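User: I am new to this structure and would like a close look at a single part of it, namely the pocket space and what surrounds it. Please take me through that part slowly, in one connected answer.

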Amino acid sequence: MAAEVRQSFIFAWDGYVRYAWGHDALMPLSRQPHDWYAHSLLMTPVDGYDTMILMGLKSQADSAKNLILDSLHFNYDMMVSNFETTIRIEGGLLSGYELNHDKRFLAKAIDLATRLLKAFHSPTGMPYRFVNLKTGKVSGKISNPAEIGSMTLEYGTLSKLTGNPLYFQTAKRAAMAIFHRRSSIGLVGSSINVVTGKWVDTESTIGSGTDSYYEYLLKGAILLKDQDLQMAWDSSIQAINHYLADSVSSGFWYGQANMYSGKINRENYGALDAYFAAVLALGGDRKRAIALQESNDKMWKLAGIEPEVMDFSNMKILNGSYALRPENMESCYYLYHFTQNPKYLRMAKEMFKSLVKNCRTNVGFAAIQDVQNMTPTDSMESFFFAETLKYAYLIFEDPKTLNFDQIIFNTEAHPFKRS
Ligand code: DMJ
């Protein structure tokens with residue numbers, strides 16, 4: 001299975017090389033390149049580089065490295081997403097540096113971080129959503145916990161590597177600004193104004209828009225041995241399990257509740273939420289992690305591939321798209337690591353086989369518009385290279401390939417050293 005996953009990576013990367021070289025991504029149906037902004041930030045090579053190293057793909061890794069070092073520049077007058085650029089590009093450069101030791105990766109990571117830090121210049125310390133890489137101009141004052149609180153791993157690592165504490169302090173202040181605005185029952189909302197610090201949407205969720213905020217409280221506490229992040233995680237997980245956990249006839253899930261009353265108002269769950277089994281396992285709650293992974297598996301099998309959103313009270317699909325997301329595979333990997341139960345190998349195998357069957361095109365892998373009829377759509381996100389194929393590979397490969405206990409993955413599956 002590991003060889004099969006590796007072969008799929010080579011196949012998808014060859015498609016990128018042939019039709020989208022130098023661009024952010026390949027559109028796998030039209031065979032056209034896709035860029036997020038006016039200038040490419042090399043999303044696919046930067047995101048995929050550490051997966052190539054872990055898979056032992058030397059020639060691919062060498063050519064991706066040369067492309068990155070020659071052509072990745074940041075002095076562009078363009079607005080970029082602070083969150084996406086941090087988790088994909090900053091994260092990829094830092095893990096690339098830690099694996100490859102070429103100082104030019106670190107120099108690029110410092111250059112990028114210096115530009116992105118301007119996003120944090122708000123009255124609350126919470127970053128605006130967008131920042132101009134050249135001018136430092138910002139926009140997007142209505143943001144969410146994930147986009148605000150998911151930078152401690154990248155900036156903590158950068159502070160460690162450079163000896164400059166400013167990066168970590170800035171990222172931690174933003175994450176703690178969310179935590180300090182939790183309600184009296186310990187929940188956070190899903191949308192907030194970074195200028196006033198007032199909540200705009202008071203629905204609480206572990207899912208889209210909040211997901212990596214929680215993930216980074218726990219992982220930040222572990223990677224950076226930070227007691228404030230540990231305290232914030234300990235307090236948050238209690239509230240999450242008290243108010244958002246929902247056991248119904250279809251299984252154990254997490255729903256959405258009002259952050260002030262704790263009353264469940266929606267029972268939605270989807271591909272993004274599946275990360276939480278991994279986080280529970282990493283946090284030592286094996287019982288809930290196992291139960292949630294059973295639900296994740298059920299969700300995957302509902303239509304043959306998991307949907308973006310479903311209602312777990314009646315198991316009806318509400319949004320049938322599948323963006324080649326990694327979270328379910330990621331949780332399989334964590335559960336297998338912690339339990340060594342071969343059932344997670346079988347789960348992952350089934351997921352990977354159905355992904356190949358339904359998403360493989362002539363030049364790569366395509367997202368699905370609706371898993372209820374498996375119509376493909378013209379997108380192959382860089383996280384497919386960074387995360388989905390990496391987790392799938394690591395489940396089946398010799399665990400010595402990457403010592404789990406010595407690293408922490410950022411939310412884009414870039415491993416950072418725990419030293
Ligand atoms: C990735 O960019 C990251 O995992 C992020 O935290 C959530 N969305 C995608 C993958 O689904």
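Analyst: The labels α4, α6 and so on follow a simple rule: a helix is a DSSP run of H or I with at least four residues, and helices are numbered from the N terminus. The model is predicted, and its largest pocket holds about 450 Å³ of space. This largest pocket is lined by 24 residues, and those closest to its centre are Phe83, Glu84, Asp211, Leu272 and Arg325.

Several helices contribute to that wall, since α4 (82–100), α6 (145–149), α9 (211–224), α13 (327–339) and α15 (383–396) each supply at least two residues of the lining of the largest pocket. Among these, α4 gives the largest share, with 4 residues. Sorted by class, the lining of the largest pocket is made up of 11 charged, 8 nonpolar and 5 polar residues.

For context, it helps to set the second largest pocket beside it. The volume of the second largest pocket is about 240 Å³, and its lining consists of 15 residues, with Thr205, Gly207, Ser208, Gln256 and Arg266 lying nearest its centre. In the lining of the second largest pocket, 7 residues are polar, 5 are charged and 3 are nonpolar, whereas the lining of the largest pocket, as given above, has 11 charged, 8 nonpolar and 5 polar residues. When viewing the model, a reader might begin with Phe83 and Glu84, which are among the residues closest to the centre of the largest pocket, and then turn to α4, the helix that supplies 4 residues of its lining.

Note on methods:
Residues are numbered from 1 along each chain as its sequence is written. This is a predicted model: local features need pLDDT of at least 70, side-chain atom pairs count only at pLDDT 80 or more; totals for chains, interfaces and linings use all residues. Side-chain values use heavy atoms; hydrogens and water are left out. On a 1 Å grid over the protein atoms alone, a cavity is a set of points where a 1.4 Å probe fits but cannot get out, and a pocket is an open set with protein on both sides within 12 Å along at least five of seven lines; lining residues have an atom within 4 Å of a point. Grid points are joined across faces, edges and corners, and a volume is the space filled by probe spheres set on the points. Ala, Val, Leu, Ile, Met, Phe, Trp, Tyr, Cys and Pro count as nonpolar, Asp, Glu, Lys and Arg as charged, and the others, Gly among them, as polar.
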